[in-house]
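These entries record what I looked up, beginning with the sheet and ending with the chain as a whole.

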Amino acid sequence: MVSEAEHRPLGMFACELCALTAPYSYVGQKPPNTQSVVLLEESYVMKDPFTSDKDRFLVLGSRCSLCSRLVCVGPECSLFYSKRFCLPCVQKNISAFPQEIRQDMEKRKAPSKRPSSQPSSQT
């Protein structure tokens, strides 16, 4: 049986860019109840609410390695390239990133160019 302490959140994660909020239960690189998982950055983590498997978790986000802003892992807010970077810092320092990251950022900025025969996925 899972103890009450494992369900109790440590605090509330809040992305400083999109205002996503979620209770987190761990901050660090080695989430509890995991055998061989070591995250590449200090992350805010919560138990996966969609499963009863205590080994499952969701990474909510971490701090930008340049400005220390707390950001979620969503593609609209940050990217991971050896470290976590918020998109405003990526845009300010785009020339310091490799070509693949620059191309990815261009795709994110450009409006989707769908042929008129394909329906939009927006509702």
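Entry 1, the sheet. I worked from a predicted model. I listed the strand order first and found an open sheet of 4 strands, arranged β3-β4-β5-β6 with antiparallel pairing. I then looked for the edges: β3 (26–28) and β6 (70–72) each have a single partner strand, so one side of each is left without a neighbour in the sheet. For the twist, I noted that neighbouring strands of this sheet are turned against each other by 30° on average, with direction ignored. As a reminder to myself, strands of a sheet pair through backbone hydrogen bonds, in a parallel or an antiparallel manner.

Entry 2, the edge strand β3. How many bridges join β3 to strand β4? I counted 3 bridges between β3 and β4 (residues 43–47), and the two strands run antiparallel. Within this pairing I located Val27, which stands opposite Tyr44 of β4. Tyr44 then led me to the aromatic rings.

Entry 3, aromatic pairs. I found 4 aromatic pairs in the structure. For the pair of Tyr24 and Tyr44, I read a distance of 4.9 Å between the ring centres and an angle of 90° between the planes. Planes over 60 degrees apart count as edge-to-face, and the pair is therefore edge-to-face. I also checked where the two residues sit: Tyr24 belongs to strand β2 (residues 21–24) and Tyr44 to strand β4, so their pair ties together parts that are 20 residues apart in sequence. I followed the ring pairs further and obtained a cluster that links Phe13, Tyr24 and Tyr44.

Entry 4, burial of the two tyrosines. Are Tyr24 and Tyr44 buried or exposed? The cut-off for buried is under 20% relative accessible area. Tyr24 has a relative accessible area of 15% and is therefore buried. Tyr44, with a value of 12%, is buried as well.

Entry 5, the whole chain. I tallied 3 helices and 8 strands in the protein chain. Read from the N terminus, the elements follow the order α-β-β-β-β-β-β-β-β-α-α. Of the 123 residues in the protein chain, 28% are buried. I also looked up the contacts between residues at least 6 apart in sequence, and 22% of these join residues at least 24 apart. Last, I recorded the accessible surface of the protein chain, which comes to about 8,600 Å². Carbon and sulfur atoms account for 52% of that surface.

Terms used. Residues numbered from 1 in each chain as written. Predicted model: local features only at pLDDT ≥ 70, side-chain atom pairs only at ≥ 80, totals over all residues. Heavy atoms only, no water. Pairing = 2+ DSSP bridges. Axes fitted to C-alpha atoms, helices over the stretch in contact; angles between N-to-C directions. Phe/Tyr/Trp six-rings, centres within 6.5 Å; stacked < 30°, edge-to-face > 60°. Buried < 20%, exposed > 50% of the residue type's maximum accessible area, 1.4 Å probe, protein only. Contact = heavy atoms within 4.5 Å. Areas by Shrake-Rupley, 256 points an atom, 1.4 Å probe, with all protein chains shown as cover.
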